[in-house]
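Me: I would like to learn how to read pockets and helix crossings in a protein model. Please take me through one case.

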Amino acid sequence: MTDYQTYPYKLLSPDDRKRLEVLERRYRNLAREVFTNRVTYYHQFTGGNYTSITIRDQKSRWGSCSSRGTLSFNYRLIFAPAGVLDYVVVHELCHLTHMNHSKDFWNMVATVMPDYKQYKNWLREHGSELSIEQHLHKQGRL
């Protein structure tokens, strides 16, 4: 069940739900394009081999990297500041070299993105605000 089916700000009509479904598809497509571009850019600094990029709507993860090289990203990051999205991309790309959160892993993240901690903290503090509903609400469109 997606968030807009239980959205707390108001009871959504069937037309509103349909509109949100269409908008969500558009944002997912945009996210695929943005993540692909950012992975291509940062990959030159991190190395490693990835096989594919997937875009998901995960409740508890912003990204992941499988041992087979699949990079997965939460489409909701499209609503975050650009640096936050880039941090998650760098984080997952560094997992292609270090499949853990060791000191070497964090050193690699810091080498590529020295200010990563501010983005990591922003995500911890504001991640729950990243939804299509919150985005539209802030714009006065919902």
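The dialogue below deals with a helix pair.

Reply: This is a predicted model, in which local features need pLDDT of at least 70 and side-chain atom pairs count only at pLDDT 80 or more, while totals for chains, interfaces and linings use all residues. Residues are numbered from 1 along each chain as its sequence is written, and side-chain values use heavy atoms, with hydrogens and water left out.

Me: At what angle do the axes of α1 and α2 cross?

Reply: Axes are lines fitted to C-alpha atoms, for helices over the stretch in contact, and angles run from 0 to 180 degrees between N-to-C directions. Helices (H or I, at least four residues) are DSSP runs, numbered from the N terminus. Here α1 (residues 14–46) and α2 have axes that cross at roughly 55° and come within 9 Å.

Me: What does that make the pair, oblique or parallel?

Reply: Under 35 degrees counts as roughly parallel, over 145 as roughly antiparallel, 65 to 115 as roughly perpendicular and the rest as oblique. Helices α1 and α2 are therefore oblique to each other.

Me: Which residues of α1 and α2 make the contact?

Reply: Contact means heavy atoms within 4.5 Å. From α1 come Val-34, Phe-35, Arg-38, Val-39, Tyr-42, His-43 and Thr-46; from α2 come Leu-85, Asp-86, Val-89, Val-90, Leu-93 and Cys-94.

Me: How does the contact of α1 with α2 divide by class?

Reply: Ala, Val, Leu, Ile, Met, Phe, Trp, Tyr, Cys and Pro count as nonpolar, Asp, Glu, Lys and Arg as charged, and the others, Gly among them, as polar. The contact has nine nonpolar, two polar and two charged residues.

Me: Where does α2 appear again?

Reply: Helix α2 gives four residues, the largest share, to the lining of the largest pocket (an open set of points on a 1 Å grid over the protein atoms alone where a 1.4 Å probe fits, with protein on both sides within 12 Å along at least five of seven lines; lining residues have an atom within 4 Å of a point). That lining divides into five nonpolar, five polar and four charged residues.

Technical notes: Helix = DSSP H or I, 4+ residues; strand = E, 2+ residues; numbered from the N terminus.
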